[in-house]
Structures are given as C-alpha cells and as structure tokens.
Amino acid sequence: MLNGELSEDDIGALTDICKSAYGLAEQQAVAPLTSDDVPAEAAGNAPVSLLSIFHHRGVNALAEDQTLKFGPNLTVVYGDNAAGKSGYIRILKSACRARGQEQILGNVTSGTTPLSPVVSIKYGVGAEEQPREWTGEGDDSSISRVSVFDTQCAAVYLTEKTDVAFRPFGLDLFDKLVKACKSVRAKLEAERNALSADALSTIQVEIPHGTAAAKFLAGISSLTRPETVRAMASLSSEESARLAELEKSLGDLQANDPVKLAQQLDLRAGRVEAFARQLKNIEATLSAGAIAEVFTVRAEGYRRAGKAKRLCEGAFPANMLPGTGAETWTALWEAARQFSQESAYPAQTFPVVDDGAVCVLCQQDLDHAAGHRLKQFEAFVASTTEKELRELRESLSQLKKTFIDVPIVTPAAEDLLNEIRIEHAPLADSIAAALLTNEERRNAVVSALAENRDLVADCPELVSIAHEADALAAQLRSRIKTLRDSATSQMRDAMFSEVLELRARGLLARHQQAILDDIERRKKYAAYGLCLDETKTQTITQKSTAVTKTAVSLKLKQRFKDELAQLGFRHVEVELREAGGSDGVLYHKLALTRAPGVELPKVVSEGEQRCLSIAAFFAELSTADDPSGIVFDDPVSSLDYKYREAVARRLVVESEARQVIVFTHDVVFLLFLKQYAAELNIDQLDQHIRQLSKGAGVCEEELPWVALPVKKKIGHLKNARQAADKLFRDGHQDAYEKDAKHLYGLLREAWERALEEVLLNGIVERYRPSVQTQRLAMISDVTDEDCQALDAAMTKCSRWLPGHDQAAAARAPVPEPNELKDDIDALENWVAAIQKRRR
C-alpha cells in the first residue's frame, strides 16, 4: 500500500503469491513488510464543500434549468411540502455519502415518457481555486466525503447495526486489507470456476454400470494416483486375448448347432496348429543362428579347401593336370571308387592295382607307375583333411537345400490366411506381412550363398509370428471346449460379466488421458479452495475489532453521550454498543442501557428517535479527521419545540467548523437557525424552493415573507411597489388596486415585525417560546412618538385589509403609488431612527 491504493497489477501479484503457496504458480520471493514500510501519519484531508446543484432536466417533477446555491458556512433551504426539496436531496444522495441510496425517477406524473436525468453538482476541495464538478456518472471519492442525514439515515441508526464510516489514520488499513482479500478472492474464484467443468460425467455414461471400472471412475478424486488409473485402464496381452476369446465363445454359444460348430472349429484349429508348426520351422530355418551357421560352414569349407590344396600339391607330382585334388576331381575319384566297388572289382579294396588289373576310368592295363599314382591318389583322398572337407561340403549342400526348399508363401498358407481373416483380420494381415518379410530374408540368404558372397547389410530381420498362430489355436480349442461342455446359464453369466469388466477397462483406456487431466483439474480445484481459505477475513475482523474498540469505540460512545447532552436528551438512558463484526469492520448499534434486548422504536417516540439519530450521526462524524460538508433533510421532523431549538443550536455551532446545509419546511426551526446564526456571527445563505406553474424546485435566494426580518420585508415591499407602480402607469387600475391592498396588508405585518424585532428589541417574538429578559434595558428609550407612529401606521394599513367590511359611503380610495411609497419609507425611517439611538 505504498502507493495508497492497490492496482490491478498489484492484485494480480498478490493472487500469484497466494497461488504459489499451493503449487498453482511459480514460487516467488516475498519480502515481508517492516516498520520502514509503514507511512507516517498523513495530514488531514482538505475539506469538501458544495457550491451548487444545477438541475437541467429529468429529476422528479423539478423545473428545468434551476440552480440551488450553497454558502461556505450555514445554508438554509426552505420549501413547503411538495416544493421539490426531496428531488434535490435525491441528487445529493446519489453523489454524497448516505446510509441509503434512492433511485432517481423522472416526472412519472407528466403523462409523457420521463426524460433521463441531467444534473451537475459543483463543489470545492480545500483551497483549490477551480471548482470541481460531478455530472452524475460514476463514483467520485471527493464529493462522497460530504455526508447526508435524512429520514432513511435516521432509521438505519435506530434499527440496524452500523459500521463507523470514518476511520482514524491507520485504522482504514483493515478496510483496505479486506478489500484486497475480496479482490484476490474474486480472481481466485473466477479462475476456479473455469475449472468446474467435470469431464468424467460424459465418460461415466459410456462405462457399463456396476463394473469395477465404473466404481473406480465414480470414486476418482484429487487424491487418486495416476499409476492406479494406468493400471486400471490398461489390458495386458493376455487380458486382451482373453477378451477376444470370451467374445467369440459367447458368440459361439448363440449358434444354431453348437455340435456342428465345434467340429468346424476343430478342423480349423488343426489347420492353424499345422500352420503354426510350419511358421516355427520357417522361423527356425531363418533364425539368426541358422543363417550364421550356414555362412560359418561355408567359411570353414573355404579354409579346409585351401589346406587340402596345399596337401595335394605336396602329394602329387608337379606335372599333374590342373585341378587335380580339387572338389571336381574328388567327385570324379569317388565316382570311380563306386564303379570299382560295385561293378568292376566287387569286394576288392579300391584302387585295385594287382597284376592284370585295369584302370576303372580308361580301362587300360596298369603299369607299375600308374598303379603307384593311383595309390597316391587314394592316400590323398583318404587323408583326414580331405575327409573333413568332403563332410563340410556335404553339410553346406544340405544347409543350402534347407534354405532353398523351405516353404514360406504358399497357396495353402494363402487359403488359411483368408480363412483366419474372416474373424481375425488384423492377425491375418500381421501373419501375411511377416511371411512376405521372411520370404525376402530367405531370398537374400539364398542369393548370397549362390553368388558366393556375404549377406547384404539390409537383409530383413526375422519376423516371429508363430506364437500368434499358437494363441489363435489355443483360443479355438478353448471355444471348442466351451461348446462341448454345453455351458450352463450360470457359466454364460460369468463369461458375460468378465467380458463387461474387460470391455469397461478397455473404455477407460480410451479415456485415460482425459481421466488423468481431470485428476489434475481436481487437484487444482482443491488447491484453489485452500487459496480461498487464505482470503477469509475473520482474523482481520478480529484484529480490527480489537483495535477499533481501543481507538474508536470508547471515543464514539463518549461522543454519543456528549451529543445527547447537548441536545438535552436525558430522560431515557441510551448508549452505543458493539454489535459484532465482519469483513474487518466492527459494528455498533443504539440500545437501551437498562433493556438492551428491546428495540428502541418500541420505547421512544418519533421525535426522540430523530434526536437519537442526530446524536449518533454527529458522534460518527467525530471519528473522522475530515471537516467536509454535511447535509440535513428535515432534521427536526416530529421534534417538539425543546429539541427543535437544541438541534438548531447544534447545527449552527457545527457550521463554525464545517459547511452545514439544512433543508426544512419548518418556519419555527428556520427562525431558530437564523437566531443562533446571528448570535454566533455565522454567515447564513438562504435559499427558497417553490412550486410554480413550470414545476417544483424553483430556486430563489429570498426566504418566504413570514421568515424575513424587518429589513428584508421593507426591501420586498419596495420591489413590489415598483411593480404596482408600473401597473398604475400603464392604466391597469383594477390590478393596481388589488396589488396595493395586498401590499398594505404586508406593510401592516412588517410594522408588527418591527414592533417585535426593533421596538421591543426581540424580547418576545412569534414562534419563539422563550422571553429574552436580558434585553429589557434596551427598551427604556421607547417614546410616545414611537408608539403613536406605530399605531397610526397600523390603523391606516388596516383600512384595506380583506375582511374589514365598510359602508359604501365610508370607503376610502386606494392610495396612489407615491403615497404607498411614503408609507413604506415611513416604516424604514421609523426603524432606522430607533436603531440609530440604540447604538
């Protein structure tokens, strides 16, 4: 509050600080306030005083374009009932501080559509040269420091608990704290309301009722752990397979001929099992180990062939034909061995080189050298190296044949896949794709072996799918078992319940992220609830109550007693009592000291109620270091003369310290105000509100005739005589005589007022119950001439008063304007002469 008021950015920062404590915003470094942050006591506010109200149009039945002026000290606005005072009061209450606002209506009795109000109030603040203006739009913190007391305000003080509207310096901190808390609370509630949408309600409609998933969903809260959701919302591969199996079994049980269906499924299961074995053979043949083995055998054959070649070169003469001892030659030798042992020389050891033996290849006689060469060939072939090389070549040949002959994509497999695809299309597609990939893998291996090169780097990986076929076969066997067991109704119900449970969990899986998001939403919502708890104002109210009792309540109670004493209210014991607190505010209420539980309006009269309300109003003002203006609307309504005079004195005394504006229709009260203003030398501005043909609220600066002092009565008579003189000069004799007779009646009343006010020095006056005996000494100078002049003037004036019937012959002509002027001047001179000699 270093800047006096919190901005929207400040409220946002406070909101973030509050949220950060519960993980709704980033953690912030907050520096607590110290004594250095507390500002020094500020000087009192410059007083606000009203200057005028301008009514252009649209307020009640007030006449248009009227200006009501106010003086700096005491202003009395007099008007009869229905003269328009309430219209001006409603304007003031809409701008100033009042215990109750009133709606401003247009002239609803005019018979036309009421116009919208257009008003303005000019006011001054302290010593500012330029006045400010309120035009009826929005709140004005300056003009709202002017206070209004009216009947509604009086009722509030009497029947309701009220807060102290004015706070000493520093005590308003509690109000600002409460306001800040409410502002932060409003932002938090707006953010929390944005989180109120429940996404689970739409999901719950989809989940089968009564399942574990439905119960789980209904029990989700901000404390539900995400891993629990994931566990409930995910199906293992075994559970997925079980669900598919149960769904198929339930469908099977609804078949027309379960026995025949079982036979069909048995045949299909057999085909799938055989196909699974074929897939296993393919996967074993094309496994990484099998492929590594064939290429290892080939590599070992290369190594052994090299070794055999070196052995051959050492065993045979250099003039042997090329390739002797090689693989092709060895094959030729083995063919010769077979021919010798089976046909040419059965039961003889190959090669046969005895005398008379011939070569089994060229069938010529063998000499000693040829026989020796054949034995060398046999010794070479019979050696270990050559034997191992032959075995490796045979093994490699068999391995190659395995890769070449393994059946992968076959018509039979295609037919079976089409059959599987009827009920298990995804599985059939997976198997078909796996077969194509494995076929490409086989072709890559065969090509590498055929072309005597290494396996290409991008050789496809083996796709294992046999286990899926095994699972399908097991599912088919389970369906067969269910059909053959002739499942009972109880078994079907159990299967259906299991299906529902698994399906419900599958549905949860589809909405898993939405559920997790809703848990986070609930966590945030709960966190916002904790933040809102931080904005509660109970502790502020408790502290405010304690401080207010110390700093305000005692002073307020004592001032209320003092105000009652000034008003002379002593016969009923009434006091201000604390009435609890809320939102950082301590409330007070008027109560009977000896019977606090009894409502005041049931005990005291209307006049006493008004007196108590005025005392409470002034007591409340005493708590403020702000001498801004105050406005009273008929403050003495229902008061007798005693309280009426006391209230008048109190208001005039207050006008010494601040602007006081009084609206009244009570002439006696008006005269009391004027009397005390004169005694205390208070400048008083009089305003008269009248109802004329153009509307109510017509403003004049002259009070009604009955309230005018003799000096102003004489002035009024002079002005009126000039108007009558014009009628006379213009030849309007009847109109002139009517006005002249009226003026002589007023002149007689002026002489009566002069008798009270001047000759008798105000010792006794009409409308005043008291006798001013201290002024008796001043009337010792009254002469016979004074009395004779008074008697003669009043006698003359009485001749033309209505109601004094005279004989026709005795009727005197109405004096002409000059004579009327002389008679008015006579009164003025008589008053001036008496006042002059008494100075």
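Phenylalanine 618 is buried, with a relative accessible area of 2%. The model that shows this is a predicted one. Phenylalanine 617, the neighbour in number, is buried as well, with a relative accessible area of 0%. Both values fall under the 20% limit that counts as buried.

**Aromatic pairs**

A pair of aromatic rings is described by the distance of the centres and the angle of the planes. In this structure the count of such pairs comes to 8. Two of them are set out below.

| Ring pair | Distance of centres | Angle of planes | Arrangement |
|---|---|---|---|
| Phe149 and Phe632 | 5.7 Å | 45° | tilted |
| Phe617 and Phe618 | 6.0 Å | 75° | edge-to-face |

Why is the pair of phenylalanine 617 and phenylalanine 618 called edge-to-face? Their planes stand at 75°, and an angle over 60 degrees counts as edge-to-face. The planes of phenylalanine 149 and phenylalanine 632 are at 45°, so that pair is tilted.

Phenylalanine 149 belongs to strand S6 (residues 147–149) and phenylalanine 632 to strand S10 (residues 630–633). With their positions 483 residues apart, the pair links distant parts of the chain. Both phenylalanine 149 and phenylalanine 632 are buried. Phe149, Phe617, Phe618 and Phe632 together make up one aromatic cluster.

**Charges over rings**

Phenylalanine 618 also has a charged partner: the charged end of arginine 650 sits over its ring, 4.1 Å from the centre. Tryptophan 705 has the charged end of lysine 713 over its ring, 4.1 Å from the centre.

**Nonpolar cores**

The largest nonpolar core holds 78 residues. Phe560, Leu612, Leu651, Trp751, Leu827 and Trp830 have the most contacts inside this core. Helix H24 (residues 733–759) gives the most to the core, namely 11 residues. Apart from this core lies another, of 37 residues, which includes Ile282, Ala290, Ile408 and Leu435.

Which residues does leucine 827 touch, leaving aside those up to four places away in sequence? They are Ile714, Leu747, Ala750, Trp751 and Ala754.

**Strand pairing**

Strand S1 (residues 48–57) pairs with strand S4 (residues 118–125) in the antiparallel sense, over 8 bridges. Within this pairing, serine 52 has lysine 122 in S4 as its bridge partner. S1 is also joined to strand S2 (residues 66–69) by 4 bridges, and these two strands run antiparallel. Here isoleucine 53 stands opposite leucine 68 in S2.

Methods. Residues are numbered from 1 along each chain as its sequence is written. This is a predicted model: local features need pLDDT of at least 70, side-chain atom pairs count only at pLDDT 80 or more; totals for chains, interfaces and linings use all residues. Side-chain values use heavy atoms; hydrogens and water are left out. A nonpolar core is a set of buried Ala, Val, Leu, Ile, Met, Phe, Trp, Tyr and Cys residues joined through side-chain atoms within 4.5 Å. Buried means under 20% relative accessible area, exposed over 50%, partly exposed in between (1.4 Å probe, protein chains only). Contact means heavy atoms within 4.5 Å. Two strands pair if DSSP finds at least two bridges between them. Rings of Phe, Tyr and Trp (its six-membered ring) pair if their centres lie within 6.5 Å; planes under 30 degrees apart count as stacked, over 60 as edge-to-face and the rest as tilted. A charge sits over a ring if NZ of Lys or CZ of Arg is within 6 Å of the ring centre and within 35 degrees of the ring normal.
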